[in-house]
Amino acid sequence: MPRMIAFALGAACLCLGACAPRNPSDAAIYAIGDPDRGKALIAEVGCGACHQIPGVAGADGLVGPPLGTVGQRTIIAGVLPNTPENLARWIEAPQSVVPGNAMPNMELSNHDARDIAAYLYTLR
């Protein structure tokens, strides 16, 4: 009986760990890109026209979801696991991920998308 209880508790912990929101370390954020440059790019390309984005002046749009806790979410665009790489992919080419969605393709380079993703991942 004690082994069954230990097994059940271990399985529950694994499930909770797998289902918990991702919270990447600072090293993981900087591995994807430069959050300071990403913040500047967000303001430059106008992401705040559609999204509320903490730390970015004038980013108070109501068209897309607020991005204040995007670093804690488990899914991006309803289909992608929330990883820094997937967030950059979504930012770079949202129509290739979910064709016909409301987010426009902003013609960002992979480098720019990665920097924006790095900043957004700091929002927890």
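Modeller: A helix here is a DSSP run of H or I that is at least four residues long, and helices are numbered from the N terminus. With that in hand, we can place our starting residue: Asp112 belongs to helix α6. Please keep in mind that this is a predicted model.

Biologist: Thanks! How do I read accessibility: is Asp112 buried or exposed?

Modeller: Compare the relative accessible area with the cut-offs: under 20% is buried, and over 50% is exposed. Asp112 has 16%, so Asp112 is buried.

Biologist: And which residues does Asp112 contact, leaving aside its neighbours within four places in sequence?

Modeller: Setting those neighbours aside lets you see contacts that the local chain does not explain by itself. For Asp112, the partners are Arg37 and Leu41.

Biologist: Let's follow Arg37, then. Where is Arg37 found, and how far apart are the C-alpha atoms of Arg37 and Asp112?

Modeller: Arg37 sits in helix α3, which covers residues 35-45. The C-alpha atoms of Arg37 and Asp112 are separated by 8.3 Å, although the two residues are 75 apart along the chain. Beyond four places in sequence, Arg37 touches His111 and Asp115 as well as Asp112.

Biologist: Which side chain makes a polar contact with the side chain of Arg37?

Modeller: That is His111, at 3.2 Å. As for accessibility, Arg37 has a relative value of 31%; this falls between the two cut-offs, so Arg37 counts as partly exposed.

Biologist: Asp115 came up too. What does Asp115 touch, beyond four places in sequence?

Modeller: Asp115, also in helix α6, touches Gly33, Asp34, Pro35, Arg37, Gly38 and Leu41. Its relative accessible area is 3%, so Asp115 is buried.

Biologist: Asp34 is on that list. Where is Asp34 found?

Modeller: Asp34 is in the loop between α2 and α3, and at 33% relative accessible area it is partly exposed. Not counting neighbours within four places, Asp34 is in contact with Asp115 and Ala118. There is a distance worth checking on your screen as well: from C-alpha to C-alpha, Asp34 and Tyr119 are 7.2 Å apart, with their positions 85 residues apart in sequence.

Biologist: Now the core. What is the general idea?

Modeller: In soluble globular proteins, nonpolar side chains tend to be buried together. In this model, the largest nonpolar core has 26 residues, and those touching the most other members are Ile42, Ile53, Leu87, Ile91, Ile116, Tyr119 and Leu120. Helices α2 (26-32), α3, α4 and α6 each supply at least two residues of this core.

Biologist: Which element gives the most to this core?

Modeller: Helix α6, with seven residues.

Biologist: Leu87 is one of those well-connected members. Which residues of α4 are buried, and what covers them?

Modeller: Pro84, Asn86, Leu87, Ala88, Trp90 and Ile91 are buried in α4. Their cover includes α2, β1, β2 (80-81), α5 (94-97) and α6. Leu87 itself touches Ile76, Asn82, Ala117, Leu120 and Tyr121, not counting residues up to four places away.

Biologist: How do I read a pocket? What volume does the largest pocket have?

Modeller: Begin with volume, then look at the lining. The volume is about 540 Å³. Of the 26 lining residues, His51, Pro65, Leu67, Trp90 and Met103 are the closest to the centre.

Biologist: How do the lining residues divide by character, and which element supplies the largest share?

Modeller: There are 21 nonpolar residues, four polar and one charged. Helix α4 has the largest share, at three residues. At least two residues each come from α3, β1 (75-76), α4 (84-92) and α6 (110-121).

Biologist: One last feature: backbone angles. What should catch my eye?

Modeller: Most residues other than glycine have a negative phi. Here Ala77 has a positive phi of about 55 degrees, and Glu107 has a positive phi of about 60 degrees.

Biologist: Where do Ala77 and Glu107 lie?

Modeller: Ala77 lies in the loop between β1 and β2, while Glu107 lies in the loop between α5 and α6. Ala77 has 34% relative accessible area and is therefore partly exposed; Glu107, at 66%, is exposed because that value is over 50%.

Note on methods
Residues are numbered from 1 along each chain as its sequence is written. This is a predicted model: local features need pLDDT of at least 70, side-chain atom pairs count only at pLDDT 80 or more; totals for chains, interfaces and linings use all residues. Side-chain values use heavy atoms; hydrogens and water are left out. Buried means under 20% relative accessible area, exposed over 50%, partly exposed in between (1.4 Å probe, protein chains only). Contact means heavy atoms within 4.5 Å. A polar contact is a pair of N or O atoms within 3.5 Å; within protein, one must be able to donate a hydrogen and the other to accept it, and residues adjacent in sequence count only if both atoms are side-chain atoms. On a 1 Å grid over the protein atoms alone, a cavity is a set of points where a 1.4 Å probe fits but cannot get out, and a pocket is an open set with protein on both sides within 12 Å along at least five of seven lines; lining residues have an atom within 4 Å of a point. Grid points are joined across faces, edges and corners, and a volume is the space filled by probe spheres set on the points. Ala, Val, Leu, Ile, Met, Phe, Trp, Tyr, Cys and Pro count as nonpolar, Asp, Glu, Lys and Arg as charged, and the others, Gly among them, as polar. A nonpolar core is a set of buried Ala, Val, Leu, Ile, Met, Phe, Trp, Tyr and Cys residues joined through side-chain atoms within 4.5 Å.
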